[in-house]
Amino acid sequence: MMRHLISAADLTRDDAVLILDTAEEMARVADRPIRKLPTLRGRTICNLFFEDSTRTRISFEAAEKRLSADVINFTAKGSSVSKGESLKDTAQTLEAMGVDAVVIRHSASGAPYRLATSGWIDAPVVNAGDGTHQHPTQALLDAFTMRRRLVGRDAGLGRDLAGKRITLVGDVLHSRVARSNVDLLHTLGAEVTLVAPPTLVPVGVETWPCEVSYDLDRVLPKSDAVMMLRVQRERMNAAFFPTEREYSRRYGLDGDRMAKMPEHAIVMHPGPMVRGMEITAEVADSDRCTVVEQVANGVSIRMAVLYLLLGGNDSAVTHTRTEENK
Amino acid sequence: MDTQQQYGDDARPVLEAPDIARVLTRIAHEIVERAKGADDVVLLGIPTRGVFLARRLAEKLESITGTKIPVGSLDITMYRDDLRLKPARALGRTEIPGDGIDGRLVVLVDDVLFSGRTIRAALDALGDIGRPRAVQLAVLVDRGHRELPIRADYVGKNLPTSLRETVKVQLAEEDGRDTVLLGSRPSA
Amino acid sequence: MSKILIRGAQVLGGEVQDVLVDGETIEQVGTDLSAEGATVIEAQGQILLPGLVDLHTHLREPGREDSETVLTGTRAAASGGFTAVFAMANTHPVADTAGVVEQVYRLGKESGYCDVQPIGAVTVGLEGKKLAELGAMHDSAAGVTVFSDDGKCVDDAVIMRRALEYVKAFGGVVAQHAQEPRLTEGAQMNEGIVSAELGLGGWPAVAEESIIARDVLLAEHVGSRVHICHLSTAGSVEIVRWAKSRGIDVTAEVTPHHLLLTDELVRSYDPVYKVNPPLRTEKDVLALREALADGTIDIVATDHAPHPHEDKDCEWAAAAMGMVGLETALSVVQQTMVETGLLDWAGVADRMSFAPARIGRAKGHGRPVSAGEPANLTLVDPAYRGVVDPADFASRSRNTPYEGRELPGRVTHTFLRGRATVVDGKLA
């Protein structure tokens, strides 16, 4: 494992499968009377949120607490820390306080990378979403959900998503979820197709390891999973699409469209959903929709990531497991 | 793992396959005797090799008592006290039999008893899963050098060793053969 | 002032000659010169160039003296071999009145390291709405001839047209920062493969090219001349080439960093690579080099943009745009143009001295190295190889993208009207 988790693109196939397998074990903890492990006792993790995201923060916090870590939450609105030096100052403050890991959410793409590489701080950094760049734990929990549903909970152990056809629909341009998922799903052997109006696909997408289509109806029958990305209404004002109604008609997922998907195919959404815009209530509430599962799986994935980054002392010395430690 | 490199060239077998089968049979009988029939026994193996031993013991118990013995696994990685000293490792499987462990006699099964730290971790892990009536410990080899007040209830073989020596248990399920090797640690 | 004899340098990279300077002027150029009591500089193996002229420098004074002052900026300029710099107008207050340009002009005179020619703002406060008093700035002691809202684009076509027309009265030129503002809202880096991956707002090449296309057509229409600042894309080169072929009076500049660096560097998210216009692709870099070689691009200008450490020691989006360049410009040009065989030293003299002085009407600069001319001279040791260490900079700021990079060449001496501002590579 690497020291930080900044981008899904940094994960090898074996790293990713190890995280998914570890998360399966973590998930079993949730079924026990005491849902807590002593693994990170005495370790302090700071959730450094420069951007509002109650869901992600709560998920990380739950994961940290289940691993018995001490948790510090630092939440700062973009406006009060709009000057970049606050990131550095905050990081150095945390370092001085002896934080063992930093989970960072930031509106600026690259802020976690900068935090991890600038020498401001020594602790491992976990990217909890940066600008329109990456959101690796989201991609991991999505892959975890897909593997469970499409390969199987036990059958999936040790396996990747080879040959699975995954379709991501919506605002790819502004989506860190899309970027992370394209990277990770490709690493795991899946075939990824992006579907969006051309205005919401980045220039330069042609080098991504995926297909791009503007026609949702043609892609749906060939999809094992369809992930709907959130589309912010404000995009309309910047002329990315004419009206909400037109967007829904061309790129929204409703019951009729869902019927075109294969029997076994699932519908995913990173949340929060804009019902009526990219997804209808009928689809969101159907059995095929995994949104609630994704939330539960997020805690397991984040436990796995934190355990693998922090559970051991990743020193340069290689320790071999021998009997004297038993 | 290269056994030759890991355990030196002089590794010699102290238990062979027939010996292992024999001591497991003896332990099974001892369990039945001490548990007065083994009605409420649950066997929990500690991954990796403890799980295979637990399954073998369960078979022997079943053939003695004629009843089905619940068997599972208990991974203690997340409860280790040396996590910060080593790189994070892949987790083993924890599988608790369907009826749970509350009020049962849990027999922990491991291959080698050494410092006792693994068993300490296993006791912590058990406490988070339920409340057994009692907990006992069965090991294939006790090599001494305890660092905690822990002892085994059932021992396949007491093997006095020096700290410079290594004990390696190999089981057919994982290693292709049954044997216990005693060797000296490579000097380098 | 005593005499100086520069012995054995290759003048403009050509013939080996001796140059005798007496007072403020070149007295004699020839072979085997000698002079009683003259300070002799043995310059064998070195290149003698006319003092370099930078048409695009940010000296930050008044207003941001924490990043640079006229004094520190001109010291940096002298270190880099420059004898004249044009100071951009985006100071605080903006250089949009005769008062401000005269202040900058006077500070330049006082510094003594390099002539400072202020550039006046095209519009009041760089706001693009109302023409500044261009004539008053021209008539002031500063004698402004170059006008620019650099940092911002004069995007209103009517204002641009009027400015182009208006400066004809006194032979001025408008230097356009070509950046269509709507196309670059939230832009953080070149729009392309790398921006797509990094999730940074894209800055499309067309935002530059569309403005250049419009402005050369406007210049043609009103019969004025226009200068394009820091051209950065292959498409811009094509437009300028087309305009020149049509006889439009357009000149263009390229920065050293656009001749060397590409947007691949942004993968580090290190804001030292954040600059306006952004670093582009390899294809653009090669097109720019070729255009500078064939004269489509007339000059190299540094766009020296000092920023204090804290404005770069942060996340990418929060960082300021710009890099310092005065002290590394000649080395970068040597590496990208001379050592690639695209340009000889005479070509360098043209692109970094003759042509910029001509475009900016800088009196006494960009003159031939011959008897009777002002002794504005730069001696370069082209064999030198050194690793860039910002701690050595004379500039008050350290935001160089070349830290730790080996660059060729070193300015050993700079003379401003016969007075040495740099001796043996050190500020005098």
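# Domains and helix contacts in chains A, B and C

Author: The domain assignment splits chain C into domain 1 (3–47 + 373–386 + 405–427) and domain 2 (51–360); such bounds come from an automatic or database domain assignment. This is a predicted model, where local features need pLDDT of at least 70, side-chain atom pairs count only at pLDDT 80 or more, and totals for chains, interfaces and linings use all residues. Residues are numbered from 1 along each chain as its sequence is written, while chains are lettered from A and ligands numbered from 1 in the order in which they are written.

Reader: How many Å apart are the C-alpha centres of domain 1 and domain 2 of chain C?

Author: Those centres lie 29 Å apart. The contact takes 18 residues from domain 1 of chain C and 21 residues from domain 2 of chain C, two residues being in contact if their C-beta atoms, placed from the backbone, lie within 7 Å.

Reader: Which elements supply at least two residues of the domain 1 side in chain C?

Author: On the side touching domain 2 of chain C, they are β16 (377–387), β17 (406–416) and β18 (419–423) of chain C. Helices (H or I, at least four residues) and strands (E, at least two) are DSSP runs, numbered from the N terminus. β17(C) gives the most to that side of domain 1 of chain C, with 6 residues.

Reader: What is that side of domain 1 of chain C by class?

Author: It has 11 nonpolar, 7 polar and no charged residues. Ala, Val, Leu, Ile, Met, Phe, Trp, Tyr, Cys and Pro count as nonpolar, Asp, Glu, Lys and Arg as charged, and the others, Gly among them, as polar.

Reader: Chain A now. Where are its domains divided?

Author: Chain A has domain 1 (8–134 + 295–310) and domain 2 (136–292). Their centres, taken over C-alpha atoms, are separated by 25 Å. Domain 1 of chain A puts 27 residues into the contact and domain 2 of chain A puts in 24 residues.

Reader: Which element gives the most on the domain 1 side in chain A?

Author: α1(A), with 8 residues on the side that touches domain 2 of chain A. By class, that side of domain 1 of chain A has 13 nonpolar, 8 polar and 6 charged residues.

Reader: At what angle do α1 and α12 of chain A cross?

Author: Roughly 115 degrees, for α1 (residues 13–29) and α12 (residues 291–310) of chain A, whose axes come within 8 Å. Axes are lines fitted to C-alpha atoms, for helices over the stretch in contact, and angles run from 0 to 180 degrees between N-to-C directions. The contact of α1(A) with α12(A) involves residues including Leu18(A) and Met26(A) of α1(A) and Ile301(A) and Leu308(A) of α12(A). By class, that contact has 11 nonpolar, 2 polar and no charged residues.

Reader: And how many degrees for α5 and α6 of chain A?

Author: Helix α5 (residues 136–151) of chain A and helix α6 (residues 176–187) of chain A cross at roughly 55 degrees, with axes that come within 8 Å. That makes α5(A) oblique to α6(A) (under 35 degrees counts as roughly parallel, over 145 as roughly antiparallel, 65 to 115 as roughly perpendicular and the rest as oblique).

Reader: Switching to chain B: how many helices and strands?

Author: Chain B has 5 helices and 8 strands. Its C-alpha atoms fill a box of roughly 50 × 40 × 30 Å, taken along the principal axes.
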